[in-house]
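Hello,

I am handing over the structure below. My notes on it follow.

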Amino acid sequence: MSSWKKSLRSDRLFDMVNTTVLMFCILVVAYPLIYIVSASISDHKAVVSGKVWLLPVGFDLTAYKTVFSYGLILTGYLNSLFYMGVGTLISVTLTLLAAYPLSRKEFTQRNVFMGLFLFTMLFSGGLIPTYMLVRSLGMLDTRWAMLLPNAVGVWNVIVTRTYLRSTIGDELYEAAAMEGCGDVRFLVSIVIPLSGSIIAVMCLYYAVWIWNSYFDALIYLRSRDLYPLQIVLRNILILNQTDGGMIKDISVMARKQGLADVMKYALIVVSSAPLLMIYPFVQRHFVKGVMIGSVKG
Amino acid sequence: MILSSSHLHRTFRRQWQFYAIMALPFLHLIIFKYLPMLGLQIGFKQYRVSKGIWGSEWVGLKHFVHFFQSPTSLKVIWNTVSLSLYSIAVSFPFAIFLAIALNEAMSRRFKKTVQMVTYMPYFISTVVMVSMIIQFTDTRLGVLNHFIGLFGLSPVNFMAKPELFRHIYVWTNVWQQTGYNAIIYLAALTAVDPQLYEAARVDGCSKLQKIFHIDLPSIRSTIVILLILNMGYVMSVGFEKAYLMQNALNLETSEIISTYIYRIGLINADFSFSTAIGLVNSLINLVLLLTVNSLAKRSGEGGLW
């Protein structure tokens with residue numbers, strides 16, 4: 001009885017410590033995010049002089065006006081939307097087309113094909129040979145270079161295959177075969193309608209990945225009007241390339257500097273907000289994707 | 001007899017359709033993943049644009065010897081390996097710790113909230129992440145330096161210090177990815193048989209004992225598998241973040257193999273040398289993956305394949 005009581009007390013202590021730790025996690029993760037939003041809407045003098053700690057000091061939306069009036073940012077946004085939309089369509093289609101045959105044990109050569117896919121996870125031609133290939137295909141500095149070379153993620157093919165194998169039962173397949181339904185028709189009219197959730201997961205994976213990555217653009221693109229948002233962001237936020245036209249109405253140099261600083265916070269908010277706002281609604285799909293992927297297939 | 005021939009016929013028709021469905025992704029795989037492997041030959045050649053990949057002159061192992069004899073090679077390999085291992089050593093315990101803490105959370109809603117918040121930074125792009133780091137550590141307006149200023153200390157240019165690069169890289173990764181990394185362990189924890197917990201409670205186990213005797217053992221195989229995956233990719237630690245965090249002052253520690261390959265190949269346009277280093281990198285990766293996998297198999301946790 002007394003040992004039971006003791007353990008109960010230690011459990012209560014454990015719960016307290018655990019709750020504190022989790023609260024601390026929330027604080028640590030949320031603080032930088034809140035700070036950025038606060039800084040972006042604060043008076044730029046307060047930000048520069050270090051008066052902003054958590055909540056906004058003063059209220060000034062000039063930074064946002066500057067961001068939205070900058071043409072390259074808008075072009076980058078539209079380009080990224082295009083790459084994300086078309087790229088996701090291409091990627092998800094190819095992934096499904098690869099995953100379906102690999103999921104059917106009736107496909108006698110599936111292990112050979114699986115091996116070919118898996119091998120590219122272990123070994124690759126590397127940066128320069130891939131670059132030279134893209135160049136010789138005439139895709140340098142075109143939108144194709146953003147859509148095709150990395151369209152298929154082998155890991156995503158494996159996850160999709162695992163999902164199809166566990167949801168599309170053999171009975172269903174055999175029944176369809178009895179009716180004389182071929183694989184092409186089976187895929188289009190039975191598998192795809194039944195795989196809504198894995199398609200959603202894949203769309204999200206590819207979309208977020210395309211939206212956030214900059215490497216392909218860095219190596220394949222030269223024209224500014226093709227740049228995705230991430231490259232524009234890099235040029236402004238990290239390389240500090242801003243052209244004079246961007247903050248032209250402000251004449252005083254000091255004010256210009258202060259505004260440029262705060263503008264960076266505004267730019268971070270503007271570029272990250274779409275994903276962070278959609279995220280709570282699609283979170284469960286991501287979790288699902290991770291879980292399917294963790295099933296060894 | 002007739003039955004088997006029609007069966008054969010049917011099998012053939014079936015197979016033909018599988019190939020048709022596979023055609024596009026297969027073509028993509030061959031063109032974009034296997035064709036570049038042919039280009040690896042320029043690592044053994046002196047590539048000249050005028051002569052092309054096939055026409056350039058063979059130079060044997062010249063580039064490989066050059067790489068291994070230069071002092072840079074050891075430095076970039078060390079930078080890569082130490083960054084990766086440091087990253088793995090820190091991020092693994094944190095993810096496991098968070099998953100277990102979440103699993104023991106007092107209420108479902110609290111758990112959901114913590115999960116939601118900690119998972120959020122994962123959706124921030126690398127470019128934004130690095131610019132956040134740069135903004136926060138800025139000597140003039142960074143909040144970190146404002147904080148240091150409260151104690152009367154003079155501002156520190158964190159990004160310019162080579163000895164700080166790895167710490168900044170790894171700990172900001174922890175901030176960004178622990179929530180995401182914890183998901184997989186949480187999934188494994190929900191699969192634990194409730195009867196085990198029941199039995200533990202009857203035996204008067206404390207929560208801490210439960211964690212050590214039930215929770216940790218039941219996610220052990222997940223931990224091993226993930227560790228294998230990570231060890232296999234030790235040499236391919238992220239180009240994207242390291243490249244953006246680089247500047248002339250911290251290059252001594254921030255130059256890793258992938259950024260070095262990029263610099264040599266696309267900035268200095270030395271295609272052959274860059275390809276040779278890339279090949280070395282791929283081969284080390286391959287050997288690493290195969291080694292850790294067989295180690296995992298031998299340890300009885302089951303490998304990846």
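A salt bridge here is a side-chain nitrogen of Lys or Arg within 4 Å of a carboxyl oxygen of Asp or Glu. By that rule, chain A and chain B have 2 salt bridges between them. In one of them A:D261 pairs with B:R140, with the closest N and O atoms 3.0 Å apart.

This is a predicted model, in which local features need pLDDT of at least 70 and side-chain atom pairs count only at pLDDT 80 or more, while totals for chains, interfaces and linings use all residues. Residues are numbered from 1 along each chain as its sequence is written, chains are lettered from A and ligands numbered from 1 in the order in which they are written, and side-chain values use heavy atoms, with hydrogens and water left out.

The interface: 101 residues of chain A are in contact (heavy atoms within 4.5 Å) with 91 residues of chain B. The area buried between the two chains (accessible area, 1.4 Å probe, lost on being put together and summed over both) is about 8,900 Å², and carbon and sulfur atoms give 75% of that.

The second largest pocket (an open set of points on a 1 Å grid over the protein atoms alone, where a 1.4 Å probe fits, with protein on both sides within 12 Å along at least five of seven lines) has a volume, the space filled by probe spheres set on the points, of about 940 Å³. It is lined by 30 residues (an atom within 4 Å of a point), and those closest to its centre include A:V28 and B:W171.

Regards
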